[in-house]
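Here are my comments on the model you sent, set out as numbered points so that each can be checked against the coordinates.

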Amino acid sequence: MLKAVQILGCSSGLTIVSQRLTKTRKSSSTVSFLSNPLKLSTFSSSLTSTSPRKTLCFNSTRMSASSLPGSDPVPKSPAFVSVQSAGDVHVRKIKFCQWCGGPTKHEIPDGEEKLRAICTHCDKIAYQNPKMVVGCLIEHEDKVLLCKRNIQPSHGLWTLPAGYLEVGESAAEGAMRETWEEAGATVEVVSPFAQLDIPLIGQTYVIFLAKLKNLDFAPGPESLECRLFALDEIPFDSLAFSSIYVTLNLYLEDLKKGKVKFHYGTINKRPGSSPSDIRAFSLDYHLQP
């Protein structure tokens with residue numbers, strides 16, 4: 001996200017010297033994510049430049065799907081509690097050392113704060129890091145390309161072509177590869193559109209805006225169908241993941257305002273909610289220029 005901020009700063013002729021994001025807590029705006037147009041009330045967060053007369057400003061908004069019919073309020077407990085608990089669960093699943101095969105113990109190493117899996121034979125510590133998911137939001141004549149999944153999870157539901165970044169490729173290269181694998185489409189990446197962190201499951205989504213180089217596309221092995229949807233026909237009730245739900249809503253809101261922008265946000269899934277409930281979330285620290 002900071003790289004994107006630096007790019008935005010350079011394109012505006014600004015030299016960014018401070019990258020501290022200050023979140024004002026006087027307002028607690030909550031907006032529902034629906035397929036209808038969103039109205040986003042904001043409070044400010046800014047990055048300052050070397051000149052006091054030039055400020056690169058970001059609007060920070062908290063959004064949720066909690067006001068949808070039949071939804072329960074999003075719990076007010078701190079998000080980091082859920083993240084810590086989820087991290088501990090994943091750590092305790094590591095029973096054996098990946099280096100020597102010895103059994104592990106689960107302790108907090110000296111000088112650290114988190115539970116780790118430590119080998120009882122070679123003493124090596126297994127560190128776990130988030131996975132990066134990369135994909136493309138493909139625009140073509142006021143339509144977007146979606147794929148119907150042929151694999152679990154969310155078999156039979158619609159998604160943007162996206163998948164895990166591989167070692168040895170850039171995020172843009174990975175997004176184009178995933179688009180080819182899932183939709184048989186060759187695309188040109190236009191710009192980064194969104195970075196969405198999901199701490200509870202240890203994933204970061206990086207979605208790029210892209211254009212089709214031609215109209216030759218067809219479902220790959222992981223897709224049942226690929227289709228260009230008109231903007232008012234996007235199947236919001238049949239989307240696979242919260243991240244895709246958020247991305248497409250942000251895109252439609254940008255189009256309504258007449259300018260597509262870069263977005264950063266943290267998707268906090270509601271503790272105890274089903275993975276299939278794509279509306280059980282809040283989007284926190286939503287930043288946009």
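The points below concern a predicted model, and they go through its strands, nonpolar cores, pocket and cavity.

1. The open sheet. Three strands make up an open sheet, in the order β3-β4-β5, with antiparallel pairing. The edges are taken by β3 (104-107) and β5 (125-126), each of which has a single partner strand, so one side of each is left without a neighbour in the sheet. Between β3 and β4, the latter spanning residues 116-119, there are four bridges, and the two strands run antiparallel. As a point of register to check in the viewer, K105 is placed opposite I118 in β4.

2. Strand β13. This strand, residues 263-269, has seven of its seven residues buried, so β13 is largely enclosed by the rest of the structure. Its residues point in two directions, with H263, G265, I267 and K269 on one side and Y264, T266 and N268 on the other, and all of them are buried. The burial therefore applies to both faces of β13, taking buried to mean under 20% relative accessible area.

3. The partners of β13. With β10 the strand β13 runs parallel, the two being joined by four bridges, and A194 stands opposite H263 in β13. With β14 the pairing of β13 is instead antiparallel and extends over five bridges, and here K269 is found opposite F281 in β14.

4. The largest nonpolar core. This core holds 31 residues, and those with the most contacts inside it are L137, L146, I234, L239 and L248. Two or more residues come from each of β6 (131-139), β7 (143-149), β10 (187-198), β11, α4 and β14 (281-288), and α4 gives the largest share, namely seven residues. If residues up to four places away in sequence are set aside, L248 touches L146, L160, I234, F236 and L239.

5. A separate core. Apart from the largest core lies another, of 15 residues, which includes V134, C147, V206 and C226. One of these residues, C147, returns below in the lining of the largest cavity.

6. The second largest pocket. Which residues lie nearest the centre of the second largest pocket? They are P153, I201, Q203, Y205 and F241, out of a lining of 34 residues, and the volume of this pocket is about 690 Å³. At least two lining residues are supplied by each of β9 (162-164), α3 (171-183), β11 (203-212) and α4 (242-257), so that a reader comparing points 4 and 6 will find β11 and α4 named among the contributors to the largest core as well as to this lining. In terms of residue class, the lining of this pocket is made up of 16 nonpolar, eleven polar and seven charged residues.

7. The cavity. The structure holds one cavity of 30 Å³ or more, and the largest cavity contains about 40 Å³ of space. The residues lining the largest cavity are C147, K148, R149, I151, T159, E182, E222 and S223, with the largest share, three residues, coming from β7. By class, this lining has two nonpolar, two polar and four charged residues, and a discussion of the cavity could usefully name the charged residues K148, R149, E182 and E222.

Terms used. Residues numbered from 1 in each chain as written. Predicted model: local features only at pLDDT ≥ 70, side-chain atom pairs only at ≥ 80, totals over all residues. Heavy atoms only, no water. 1 Å grid on protein atoms, 1.4 Å probe; cavity = no way out; pocket = protein on both sides within 12 Å on 5 of 7 lines; lining within 4 Å. Points joined across faces, edges and corners; volume = space filled by probe spheres on them. Core = buried A, V, L, I, M, F, W, Y, C linked by side-chain atoms within 4.5 Å. Buried < 20%, exposed > 50% of the residue type's maximum accessible area, 1.4 Å probe, protein only. Contact = heavy atoms within 4.5 Å. Pairing = 2+ DSSP bridges.
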